Amino acid sequence: MKSIIVMLLCLFISACGMKKNWDIKNMDVAEELQPQENITMELIEQTNESLTVEFKNNDNDPWIYGEVFSIQVLVDNEWYIVPSEMAFNLVGYNLYPNESVTKTYDISSYGTLPSGTYRLVASNLAVEFIIE
């Protein structure tokens, strides 16, 4: 009896440690981004629950960014949209010329993402991050 319990426990522990593979048949290929010139987004901080980025406007005109974002995963050199059931407030914030702002995006609704190369896409800009 002890050996059966030990075997089941080992099976459970090993299953919990398995890495999730993406089923790309059920995922949408990401559209190619058309970022605006002179606007940058840089990753400042990464946690399991959030990504903090800095937007910088090096243009002569104001730029508008918002709350909407997505996470994409790189599979076989192709970006795919990670499925999500999130809803967003459709607001726009002005970023004036030669100004920068930090913004934190809550990614906890995506759950625990498996190891891989990802990117945060917001306001037609992207910044890559890695989960090990």
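**Note on the predicted model**

1. Asp61 lies in the loop between S2 and S3. The model discussed here is a predicted one. With a relative accessibility of 46%, Asp61 is classed as partly exposed, because that class covers values between 20% and 50%. Beyond its neighbours within four places in sequence, Asp61 has contacts with Leu95 and Pro97. The C-alpha atoms of Asp61 and Pro97 are 5.7 Å apart in space, although the two residues are separated by 36 residues in sequence.

2. On the overall composition: the secondary structure consists of 1 helix and 9 strands. In sequence order the pattern is α-β-β-β-β-β-β-β-β-β, so the helix precedes the strands. Among contacts between residues at least 6 apart in sequence, 70% join residues at least 24 apart. Buried residues make up 30% of the 132 residues of the chain. The exposed area of the chain is about 9100 Å², of which carbon and sulfur atoms supply 51%.

3. On the sheet that contains S2: this open sheet has 3 strands in the order S1-S2-S7, and the pairing is antiparallel. Strand S1 (39–46) and strand S7 (100–106) form the edges, each pairing on one side only. From one strand to the next, the twist averages 25 degrees. Strand S2, residues 50–57, is paired with S7 in the antiparallel sense over 7 bridges. Within this pairing, Leu51 has Tyr105 of S7 as its bridge partner.

4. On the second sheet: this is an open sheet of 4 strands, ordered S5-S4-S8-S9, with antiparallel pairing. Its edge strands are strand S5 (78–81) and S9, and each of them pairs on one side only. Here the twist averages 30 degrees from one strand to the next. S8 and S9 are joined in the antiparallel sense over 7 bridges. Leu120 stands opposite Val127 in S9.

5. On the nonpolar core: the largest such core comprises 27 residues, and Phe55, Ile71, Tyr118 and Leu120 have the most contacts inside it. At least two residues of this core come from each of S1, S2, S3, S4, strand S8 (116–122) and strand S9 (125–131). In soluble globular proteins, nonpolar side chains tend to be buried together. Phe55 deserves separate mention. Not counting residues up to four places away in sequence, Phe55 touches a set of residues including Thr40, Met41, Trp63, Tyr65, Leu95, Val101, Lys103, Tyr105, Ala122 and Leu125. Leu95, listed here for Phe55, is also in contact with Asp61.

6. On the salt bridge: the structure holds 1 salt bridge, in which the side chains of Lys103 and Glu67 meet at 3.1 Å, N to O. The pair links distant parts of the chain, with Lys103 in strand S7 and Glu67 in the loop between strand S3 (63–65) and strand S4 (69–75), 36 residues apart. Which of the two classes, buried or partly exposed, applies to Lys103, and which to Glu67? Lys103 is buried because its relative accessible area is 13%, and the limit for that class is under 20%. Glu67, with a relative accessible area of 22%, is partly exposed. Lys103 is also one of the residues touched by Phe55.

Methods. Residues numbered from 1 in each chain as written. Predicted model: local features only at pLDDT ≥ 70, side-chain atom pairs only at ≥ 80, totals over all residues. Heavy atoms only, no water. Pairing = 2+ DSSP bridges. Axes fitted to C-alpha atoms, helices over the stretch in contact; angles between N-to-C directions. Salt bridge = Lys/Arg side-chain N within 4 Å of Asp/Glu carboxyl O. Buried < 20%, exposed > 50% of the residue type's maximum accessible area, 1.4 Å probe, protein only. Contact = heavy atoms within 4.5 Å. Areas by Shrake-Rupley, 256 points an atom, 1.4 Å probe, with all protein chains shown as cover. Core = buried A, V, L, I, M, F, W, Y, C linked by side-chain atoms within 4.5 Å.
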